[in-house]
Amino acid sequence: MSTPRPTESMVRICSLYPDLLGTYGDGGNATVLAQRLRWRDINVDLVSIDAGRSVPDSCDLYLVGGGEDGPQTRATQELQTSGALRRAANNGAVVFAVCAGMQILGERFPDMDGVDRAGLGLLDCVTVRVDRPRAVGELLTHDAAVTAPDGTVRPLGTLTGFENHAGRTIPGASATTFGRVEIGEGNGDGTEGVINGSVVGTYLHGPALARNPALADELLRWIIGDAALTPLDDSDVDALRADRHLAARAHELAPQRSWRDRLRGS
Amino acid sequence: MPSRSTSLPIRSRLAVGVGRLVAASSKAVHLGSGSVIGGRAALVVNPQLLRDLTAGRDVVIVSATNGKTTTTRLIAAALAGDRAVVSNSMGANMTAGIVAALGGAAANATAVLEVDERWVAGVLRATSAGTVVLLNLSRDQLDRTQEVRKLAEAWRTCLTATPPTTVIANADDPLVVWAAQVAPHVIWVATGQDWRADAAGCPQCAGRISFTGATWRCTDCELARPEPAMSVEDSAIATDAGRVPLSMRLPGRVNIVNAAFALATARSLAVPDDIAVAGLQSVEEVAGRYRVTSLAGRPVRLLLAKNPAGWHEAIELLADPPAPVVVSINARIADGHDPSWLWDVDFERLRSRFVVATGERRHDLAVRLRYADVEHVTADTIDEALRVAMGRPAYIAGRPVDIAANYTAFQEYFERVGGSQ
Ligand SMILES: [Zn+2]
C-alpha cells in the first residue's frame, strides 16, 4: 500500500483473551507476527489481554483465536460490553480471527446450547450448525488471494492449515474470501475465509500465520507498508509447507500407521 | 503366582484362556502388543470380564492427562511391600489392556489400574473401585477426544453415580476439583501445579478463574481451591500427620507430585508410611520413561512429553545446557493429528541448547524452534539425529543424549531398545 497508517516506530499487537480463545496453538500467530517484525528491526509491543481486563482500542493489530463453545460465548459477551475491538476495527486496525474467533466476529453464530446468538458484526458472515460431522483435518486451498483494505487483490499462494470446527460459515455479499478449497471443508461452501476491510477470519489453525508466511507479511504490510517488508529466511517453513501439501493431497491424516499401531489402538 | 482362574465363573475362565491364547499367538508372529489383543479377544467371549476379574478385590483407579502411568507405577510400588498387587503398569489403559493385566492375578491382589481419561466412567462402573486418583486434566489430542471440560463433566457424573470410598485429587487443578468435589470423601493434594493455560475458564459457570499466589477461585461462582490435606515441597511431602521426606530416584519435582498421590493412596489403604516410602524410592524408570539405555549403539535417555502441560515439566528434566537434545514429534492417532500444541510449549526455554528435530512432524517442530530462536536442524531418522547431536562441540563424550519424544515416537524408540507392552 502506498500510504501505510502512521505507526511511529512501534507496532502494537494485542492478543485477545488467550485464556478463553487459543485452544489450538493460535497463540503462535502472535509469536510469528512479533518475530517477523523483530527480525526486520521493527519494534513490537505485544500485549495479551485476559478475560475480565480492559481491552485497549489503540493497537495496530488484534488477534482472536479459536476455542471451545463456552469460552467462545463468554468472549463474545466481553467484547460486546467493551466495544474496544469494534472501535479499533472501525479506525482501521487489522483484526485476524481464527475459527471460533471468526465465528463471533460475524453477524450470527450458534452458542454452546445451539442457540443462535448475535456476533460482533465486524465480518459479513453467518455461522450455522449443520447436520454433518465436525470438519477435522488438513485444510488446503488452491492459489489464494486476499482483498486488502485499499481494494487491491493480493496473491498469497496456497494456504495450508488444520481445521477443527462443527459450524459452517456463509459469507455475505459484502465479504470476500481467500478463494477455493482444494482439500478439506473451510467455510463449508467450497470457499475459505471471510474478509471485510481490515478484518480477516479463517478456519486455518496450524497456527495459520506460521504455516502461511505470505499471509502474515500481507497483514503486516497493511500496517508498515511495502518498503519495510525485507525478505526473511523461510526455509524451515518451505519444508513444512511442502510436507503438508503432500500430506493433504494424499489424504494422509494418519501418516505411516503400522500394524503395530493398529493393534495398540493408536 | 497362584492363578485366580479357578474361582471365576466358567465363562470368565474360558475368556481368560482365549485371551492368553490369542496374546501368545500374536506375540509368536511378532505382532507386538500381545496383551491388548488378547484382552480384546477375552472381552468378546465375556463382555462382563472386567467386573468378574475385580469382584472382591481392592481396586485403585488412576487417571489424568499427564503422569498416570508413572503414578500408577508408584502406587503399585508403595503398596507392594504390604500386599500382593496387580497393575497394568505398561500403559495399556483401556478395558482390553486392563483385563489382560488382571487375567493371571492372585485372588487377593489389590488392582492398581491406570485408566485412560475417557474410560474412567466405564471402568469405575465395572469395578466399583474403592479408590480413585485424579491427577490433572489438560489439552491433549484435541482433534480426537472430547474437549477437556466435557471430560471433567464425565468424571463428575460417574463419581456421583458410583461413588468410591476415597477420591484423591489435585487441589490445584480447577477442572479436577470441579469433577472430584461431588465425591463423599476427597483427600486434596496441593501440587503447586503452575500449568494454568487449560484451566482459566471456570468449568462450573464459564466464568474466570483467578489465581493469586498459591490459591485460586472463580470470580463468578463459589468454585475455589479446597483445603489440602497434603502439599508437595522440594524433597518432601507435608501432610496433616507430619512431614514425609523423600529421596526419589525418578527425577524432577513432577515425580514428587506423583509420589504424593501414591503416598495418599497408600495411607487410605492403611499401608504404613515407611513401607510406602521405601517402595516409592525404589522406582528407577517407568515403562521406559527416564531409562538410560543404548539406541543405535549410542547412549541415550528416553523422556516422554506429549502435550504443553507435559513439556512444561519435561524441560526441567533435560540435561543441563548446553548439552544438545533430540526432540521427536509424531502426529498419529494416538498423538493427535494436529501438532499445533507445539506453539503452546515454551520452547524459548531451550535457547541455550542445540536441538535436533526428528519424527514424522519434524518440520512443524523446526518452524516452532525457528520462531523461538532456538538453534536447530532436522534429521530424517533417530539414528541420524543422534549422530548429529553427538557430533556437536557441546556434547560431552560418554554422556547419554536426552531424547524427548511424544507418545508414538517414544513407543517406537522404547520398542527398539527392547521394551514392550
Ligand atoms: Zn465459576
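How many residues lie between S7(B) and S8(B) in the hairpin they form? In this predicted model, the hairpin has 2 residues between its strands, and B:Gly213 in the turn has a positive phi of about 55°. Strand S7 (residues 209–212) of chain B pairs with S8(B) in the antiparallel sense, over 4 bridges. Within this pairing, B:Ser210 has B:Arg217 of S8(B) as its bridge partner. Strand S8 (residues 215–218) of chain B presents B:Trp216 and B:Cys218 on a covered face, while B:Thr215 and B:Arg217 sit on the uncovered one. In a regular strand, side chains alternate between the two faces of the sheet.

A little further along is B:Cys221, in the loop between S8 and strand S9 (230–232) of chain B. This cysteine has a relative accessibility of 19% and therefore counts as buried, the cut-off being under 20%. Leaving aside residues up to four places away in sequence, B:Cys221 touches B:Cys202, B:Gln204 and B:Cys205. By contrast, 42 Å separates its C-alpha atom from that of B:Ile275, 54 residues apart along the chain.

Turning to a contact between chains, helix H7 (residues 235–249) of chain A and helix H12 (residues 362–371) of chain B have axes that come within 9 Å and cross at roughly 155°. Because of this angle, H7(A) is roughly antiparallel to H12(B). Their crossing is left-handed. H7(A) contributes A:Asp236, A:Val237, A:Ala239, A:Leu240 and A:Asp243 to the contact, and H12(B) contributes B:His363, B:Asp364, B:Ala366, B:Val367 and B:Arg370. Sorted by class, the residues of this contact are 5 nonpolar, 1 polar and 4 charged.

How values were computed:
Residues numbered from 1 in each chain as written. Chains lettered and ligands numbered in written order. Predicted model: local features only at pLDDT ≥ 70, side-chain atom pairs only at ≥ 80, totals over all residues. Heavy atoms only, no water. Axes fitted to C-alpha atoms, helices over the stretch in contact; angles between N-to-C directions. Parallel < 35°, antiparallel > 145°, perpendicular 65-115°, else oblique. Left-handed = near helix turned anticlockwise from the far one by under 90°. Contact = heavy atoms within 4.5 Å. Nonpolar A, V, L, I, M, F, W, Y, C, P; charged D, E, K, R; others polar. Buried < 20%, exposed > 50% of the residue type's maximum accessible area, 1.4 Å probe, protein only. Pairing = 2+ DSSP bridges.
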